[in-house]
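Please work through the exercises below with the sequence and the model at hand. Each task is followed by a solution in steps.

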Amino acid sequence: MKAAAVIHPGTLLAPLILEPCGLSQSVLARQLGFNQPQPVNELIKGKRGITPKMALLLERLTGGEYPAEFWLLAQMRWDLQQAKQNLPPARLAIVERIPPEGDALEAAQQAGFGDLLEASAQLRA
């Protein structure tokens, strides 16, 4: 099964917010606290990324229908895809695996990040 193409998260603004709510980019920008539509326009065109602050604003705007984590995960997927496409194979080849000592999950849980390690394992499955 081929993975779905990853799209820039800014392109989601039109189908998820602008179109259903009948908003223009200018109105959306004002709703988000911007004086000009440029930040929204740049997001939609993929020239700007979703920051944690923007993710919180979009969560508030949508009443939590699209939580901040949704926007940040979409941005992370985009960023990771871009990195995979742009990382030179020669650069990747010089990095050798260092096997961890002990239980990685246990160490992550003790550090408060066990849920993230488990979630990343599920995403890879």
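The exercises proceed from the whole chain to single residues.

The model is predicted: local features need pLDDT of at least 70, side-chain atom pairs count only at pLDDT 80 or more, and totals for chains, interfaces and linings use all residues. Residues are numbered from 1 along each chain as its sequence is written, and side-chain values use heavy atoms, with hydrogens and water left out.

**Exercise 1. Describe the secondary structure and overall dimensions of the protein chain.**

Step 1. The protein chain holds 8 helices and 0 strands, where helices (H or I, at least four residues) and strands (E, at least two) are DSSP runs numbered from the N terminus.

Step 2. The C-alpha trace spans about 55 × 35 × 30 Å along its principal axes.

Step 3. The radius of gyration of the protein chain is 18 Å, whereas a compact globule of 125 residues would have a value near 14 Å. This radius is taken over C-alpha atoms, and the globule rule is 2.2 Å times the number of residues to the power 0.38.

**Exercise 2. Determine how much of the chain is buried and identify its largest nonpolar core.**

Step 1. Of the 125 residues, 22% are buried. Buried means under 20% relative accessible area, exposed over 50%, and partly exposed in between (1.4 Å probe, protein chains only).

Step 2. The largest nonpolar core has 19 residues, and Leu 13, Ile 50, Leu 58 and Trp 71 have the most contacts inside it. Such a core is a set of buried Ala, Val, Leu, Ile, Met, Phe, Trp, Tyr and Cys residues joined through side-chain atoms within 4.5 Å.

Step 3. Two or more residues of this core come from each of helix H1 (13-21), helix H2 (25-31), helix H3 (38-44), helix H4 (52-61) and helix H5 (68-86). H1 gives the most, with 4 residues.

Step 4. Not counting residues up to four places away in sequence, Leu 58 touches Leu 13, Ile 17, Leu 32, Ile 50, Tyr 66 and Trp 71; contact means heavy atoms within 4.5 Å.

**Exercise 3. Compare the settings of Leu 16 and Glu 42.**

Step 1. Leu 16 is found in helix H1, and Glu 42 in helix H3.

Step 2. Leu 16 is partly exposed, with a relative accessible area of 23%, whereas Glu 42 is buried, at 19%.

Step 3. Leaving aside residues up to four places away in sequence, Leu 16 touches Tyr 66, Phe 70 and Trp 71, while Glu 42 touches Lys 47 and Arg 48.

Step 4. Leu 16 and Tyr 66 are 50 residues apart in sequence and 8.9 Å apart in space, C-alpha to C-alpha.
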